[in-house]
Amino acid sequence: MTGYLGSYATLGLLLLAAVLFFVTAFSANRVLRPGRPADPAGKRASYECGLDPVGGDWAQMQIRYYVYAYLYVLFAVEAVFLFPWAMVFDRPGFGAVTVAEMGVFVAVVALGILYAWRKRILHWT
């Protein structure tokens, strides 16, 4: 399709095809599914390796696992910033400025670790 509105016609045809595919897929799902889906006994029970479930289905998780994961991601991402610094460090004219910037960066990271240590977040009990 050419002309001023040619690209819009192509986009319109693509959107129409997407809507038709969506409607066809959901219509086929409704037509081909069983009228009354089977609901055998125990279908909604928790599955524990073929054994009978023990206790309820609500299990509360301790927040420390999330804190450890968050701290790991935080410090791993910060460690990624050390690689570009190492590449620029030996170039002429970047020596003192680069060392000062990395000193500030490492100080902020050290303050974060010190804060986590003082709040006893890093203790596994």
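**Exercise 1.** Find out whether F26 is buried, partly exposed or exposed.

*Solution.* Start with the cut-offs: buried is under 20% relative accessible area, exposed is over 50%, and partly exposed lies in between (1.4 Å probe, protein chains only). F26 has 51% relative accessibility, so F26 counts as exposed.

Before going on, keep in mind that this is a predicted model, where local features need pLDDT of at least 70, side-chain atom pairs count only at pLDDT 80 or more, and totals for chains, interfaces and linings use all residues. Residues are numbered from 1 along each chain as its sequence is written, and side-chain values use heavy atoms, leaving out hydrogens and water.

**Exercise 2.** Work out how F22 and F26 pair.

*Solution.* Rings of Phe, Tyr and Trp (its six-membered ring) pair if their centres lie within 6.5 Å; planes under 30 degrees apart count as stacked, over 60 as edge-to-face and the rest as tilted. The count comes to one aromatic pair. For F22 and F26, the centres are 4.6 Å apart with 50° between the planes, so the pair is tilted. Next, look at helix α1 (residues 6–32; helices are DSSP runs of H or I, at least four residues, numbered from the N terminus). There F22 and F26 are four residues apart, and therefore separated by about one helical turn.

**Exercise 3.** Place Y68 in the structure.

*Solution.* Y68 belongs to helix α2. With a relative accessible area of 25%, Y68 is partly exposed. Finally, compare Y68 with I121: they are 53 residues apart in sequence, and 8.2 Å apart in space, C-alpha to C-alpha.

How values were computed: Helix = DSSP H or I, 4+ residues; strand = E, 2+ residues; numbered from the N terminus.
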